[in-house]
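This report describes one protein chain and the ligand bound to it. Please look at the sequence and the structure first, then read on.

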Amino acid sequence: VTIHDQKLRRGAGGELHQLASVATPVLTTAQGGPVSDDQNSLRIGPRGPTVLEDFHFREKIFHFDHERIPERVVHARGYGAHGYFETYESLAKYTRADIFQRAGEKTPAFVRFSTVAGNKGSADLARDVRGFAVKLYTQEGNWDIVGNNMPVFFIQDAIKFPDLIHAAKAEPNSDFPQAQTAHDNFWDFISLTPESMHMIMWAMSDRAIPRSLRFMEGFGVHTFRLINANDESTFVKFLWKPKLGLQSVAWNEAVKINGADPDFHRRDLWDAIHAGNFPEWELQLQLFDQAFADSFDFDILDPTKLIPEEVLPPIAVGRLVLDRMPDNFFAETEQVAFMTQNVPPGIDFSNDPLLQGRNFSYLDTQIKRLGSTNFTHLPINAPKCPFHHFQQDGHMAMRNPVGRANYQPNSWDEGPRESPANGFRSFAEVEEGPKARLRSETFADHYSQARQFYISQQPVEQAHIASALTFELSKVQTPVIRERIVSHLLNIDDGLAAKVADALGLKAMPKPADAAVATRRDLAALDSLSILKN
Ligand code: HEM
């Protein structure tokens, strides 16, 4: 049913044009019933009460009342775009993943950039880590590289994630937003968690206030594995390198931009893509074997460490181009569900304890946030390759098994079957050891790479790190927390520690932090296990 109406359309310069009479669809209820009057509710007389019978009013208001879904527990504020990944050349030598078999292969992609700590309505230029989550709709199912714009992380074990995030977000009594302000809880946790010091150097650097989402690097952080057709494993780190290079703003610029335009980053991405300036990243891989891994003085399973690119130069294997904004923010950017455990055959996990924990967390959080196990039925999350399984029913099920069989094996020759040759197989790593809450001694050095990062910075960048630390710690009310942080800085760089201590007005320089407290506790636990004593 259509009626005819006059319509206005906005031109390229923002001017309004009156369009000729066009066919306009008739407004309906969600059930499809045509609506006669959407301006007035049904009532008795012009000044009388509204009647319960007004089903159009009830449906409209009920639906509105239910519009909000929980925001992400972290990375709540984000902005996404569609694009594609193009493979440069076959990597069959290393992986049997279909996406890396053919040069020139184009795979649809969706990327969501985010800040971590702020809520959904916070400002874009907050000093924070940026999420860099990539969903690749491969011919063998969705592959999610759920990364950040920094190559390391704050903690070594996923069991500490709720503590880290609680300390970083609003305090339970005051509920102050933390996007812009430092506070005691966060720095208290950091000061008691020396493994975070490398990441703190990155977070206090210019990397934490990017000029634009288009000028950021991305990192898969963890060590993953590539598995080839002979089931041989090569360790891999994933890196995204922006074609435009890296650019940041200075802190005083960030503060002004946040005040003038809290949507600065999303507007920049929106404008660039609409203007045809499609941002592009190269996917680079650091590939290495067990012998190379054993040659490092840190553990490649430790997510607070990176492999220096001078030591292991990355190789470029493809490019990611973002060329289309979502049609609807909620349907796509808000409902997209990234999960580290989404990997195709030929990509596998390492034992990084942070990655192992994430592989559990993301499915759980998506079911909670999106409200149903059927979140893969949403178009943004559905694979773009053929898929067949026997999962059925549940809230909002839009796909159910067809026919008689909803199980297998079955005698009706109905439905899909496993494929030992082509399906996902885990790398058959041999594992042994005591079952206990342990941390490896090889995870113990918390300062060397923090020092390397600081030293690698230009003088002006080093000055920014010192002023960022000073600014943040100046907001901390509890003197001992400030001192503890300075005691960690003494293990990184004396000059940096002195600058911050001086700027904070510390009366005396604290002693350097005891580097091995946390690890010693774990080793003591290990030592007390009878299995090791025998
Ligand atoms: C969300 C990255 C560690 C739990 C995200 C997102 C990114 C990300 C980019 C946002 C995804 C999006 O845009 O929708 C990382 C990185 C980590 C890390 C790089 C460390 C290297 C962890 C850990 C846990 C965790 C250790 C829990 C054990 C979550 C949860 C969400 C999330 C619950 C919200 C997901 C949602 O509601 O969509 N993470 N994360 N993350 N992350 Fe992580």
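The sections below go from the whole chain to the ligand, the cores, one helix and two single residues.

## The chain as a whole

The model is predicted. Its chain contains 15 helices and 12 strands. Measuring along the principal axes is a simple way to describe extent: the C-alpha trace spans about 80 × 65 × 45 Å. For 534 residues, a compact globule would have a radius of gyration near 24 Å, and the 27 Å of this chain agrees with that.

Buried residues account for 35% of the 534 residues. Among contacts with a separation of 6 or more, 71% are between residues 24 or more positions apart.

## Around the ligand

Which residues are closest to the ligand? They are R72, H75, R112, G131 and T365, out of 27 residues that surround the ligand. Four elements give two or more residues each to this shell: the strands β4 (106–115), β5 (130–138) and β6 (141–148), and the helix α9 (353–370).

Helix α9 provides the largest share of the shell, with 7 residues. By type, the shell has 13 nonpolar, 10 polar and 4 charged residues.

## The nonpolar cores

The largest nonpolar core is made of 51 residues. Within this core, M199, M201, M204, I465, L496 and V500 have the most contacts. Several helices supply at least two residues each, among them α2 (161–168), α3 (184–191), α9, α11 (459–474) and α13 (494–504). The largest share of this core, 6 residues, is given by α4.

L496 shows what such packing looks like for one residue. Leaving out residues up to four places away in sequence, L496 touches Y454, I465, A466 and L489. There is also a second, separate core of 45 residues, which includes Y137, F224, V317 and L320.

## Helix α9

Does the length of α9 agree or disagree with the expected span of its 18 residues? At 1.5 Å a residue, the helix should span 26 Å; the end C-alpha atoms are 26 Å apart, so the two agree.

The buried residues of α9 are P353, L354, L355, R358, Q366 and L370, and they pack against β12 (347–349). After the helix comes G371, whose phi is positive, near 90 degrees.

## Two residues: H56 and W202

H56 lies in helix α1, which covers residues 55–65. Is H56 buried or partly exposed? It has 19 other C-beta atoms within 10 Å, and a residue needs 20 or more to count as buried, so H56 is partly exposed. Apart from neighbours within four places in sequence, H56 is in contact with T29 and V35. H56 and E253 are 197 residues apart along the chain, and their C-alpha atoms are separated by 49 Å.

W202 is located in helix α4. W202 counts as buried because it has 22 C-beta neighbours inside 10 Å. Its contacts, leaving aside neighbours within four places in sequence, are M150, V152, R207 and F453. W202 is 74 residues from D128 in sequence, while the distance between their C-alpha atoms is 9.8 Å.

Note on methods
Residues numbered from 1 in each chain as written. Predicted model: local features only at pLDDT ≥ 70, side-chain atom pairs only at ≥ 80, totals over all residues. Rg over C-alpha atoms; globule rule 2.2 N^0.38 Å. Buried ≥ 20, exposed ≤ 12 C-beta atoms within 10 Å, placed from the backbone. Contact = placed C-beta atoms within 7 Å. Near = placed C-beta within 6 Å. Nonpolar A, V, L, I, M, F, W, Y, C, P; charged D, E, K, R; others polar. Core = buried A, V, L, I, M, F, W, Y, C linked by C-beta atoms within 7 Å. Expected span 1.5 Å × (residues − 1).
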